[in-house]
Amino acid sequence: METQISNDLPPALKMFACMLDAQSPRVREIYQYAFTLLLLEDDKAQVIERRVIDLREHLTFKTATGDIFTIVKPDVDKETLAHLIDLARDVLREERTKEDGKTEQDAT
């Protein structure tokens, strides 16, 4: 399944989404889960449903903006997941830094 990439995405996130599309379904599943954990960590989403289908946990989330989506919890070890969450954090941090710099430049 290919990611629908919004034209509104900042360039770094758009590039990351394109790179992610080129990965295997398993890698995409793990990254989706890692980014979703970051949404939870930032209180930008909450788990609204958990169910097991074919021995895999499916989690449904609702974002702070009201969007609802479901992902499958990947079968991955904690160390790998922690590493991927750190990488996802780095992408988001870089994008926030760029956005903050843009805001400061616009104010001058």
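This dialogue works through how to read several features of a predicted model.

Q: What confidence does the chain average, and which elements have the lowest and the highest mean pLDDT?

A: Confidence is best read first for the chain and then element by element. The chain averages a pLDDT of 81, and 82% of the residues score at least 70. Among the elements, helix 1 (residues 11-21) has the lowest mean pLDDT, 75, whereas strand 1 (residues 45-53) has the highest, 95.

Q: How many helices and strands does the chain have, and how do the elements run from the N terminus on?

A: One counts the elements and then reads their order. The chain has three helices and three strands. From the N terminus on, the elements run α-α-β-β-β-α.

Q: In what order do the strands form the sheet, and is the pairing parallel or antiparallel?

A: A sheet is read through its strand order, its edges and its pairing. Here three strands form an open sheet in the order 1-2-3, with antiparallel pairing. Strand 1 and strand 3 are the edge strands, each pairing on one side only. From one strand to the next, the twist averages 25 degrees. Strand 2 and strand 3 pair over five bridges; Thr60, for instance, has Thr70 in strand 3 as its bridge partner.

Q: Which strands does helix 2 touch?

A: Helix 2 (residues 25-41) packs on the sheet and touches strand 1, strand 2 and strand 3. The direction of helix 2 makes about 130 degrees with that of strand 3.

Q: Why does Thr63 count as buried?

A: The reading rests on relative accessibility, with buried meaning under 20%. Thr63 has 15% relative accessibility and therefore counts as buried. Thr63 lies in strand 2 (residues 56-63). Leaving aside neighbours within four places in sequence, Thr63 is in contact with Lys44, Ala45 and Phe69. For the chain, 29% of the 108 residues count as buried.

Q: Which side chains make polar contacts with that of Thr65?

A: Such pairs are read from the side-chain partners and their distances. The side chains of Thr63 and Thr65 are joined by a polar contact of 3.0 Å, and the side chain of Asp67 makes a polar contact of 3.1 Å with that of Thr65.

Q: Where is Asp67 found, and how far apart in space are Asp67 and Ala45?

A: Asp67 is in the loop between strand 2 and strand 3 (68-72). Asp67 and Ala45 are 22 residues apart in sequence, and 9.0 Å apart in space from C-alpha to C-alpha. Leaving aside neighbours within four places in sequence, Asp67 is in contact with Phe61 and Lys62.

Conventions: Residues are numbered from 1 along each chain as its sequence is written. This is a predicted model: local features need pLDDT of at least 70, side-chain atom pairs count only at pLDDT 80 or more; totals for chains, interfaces and linings use all residues. Side-chain values use heavy atoms; hydrogens and water are left out. Helices (H or I, at least four residues) and strands (E, at least two) are DSSP runs, numbered from the N terminus. Buried means under 20% relative accessible area, exposed over 50%, partly exposed in between (1.4 Å probe, protein chains only). A polar contact is a pair of N or O atoms within 3.5 Å; within protein, one must be able to donate a hydrogen and the other to accept it, and residues adjacent in sequence count only if both atoms are side-chain atoms. Contact means heavy atoms within 4.5 Å. pLDDT is the predictor's confidence in each residue, from 0 to 100. Two strands pair if DSSP finds at least two bridges between them. Axes are lines fitted to C-alpha atoms, for helices over the stretch in contact, and angles run from 0 to 180 degrees between N-to-C directions.
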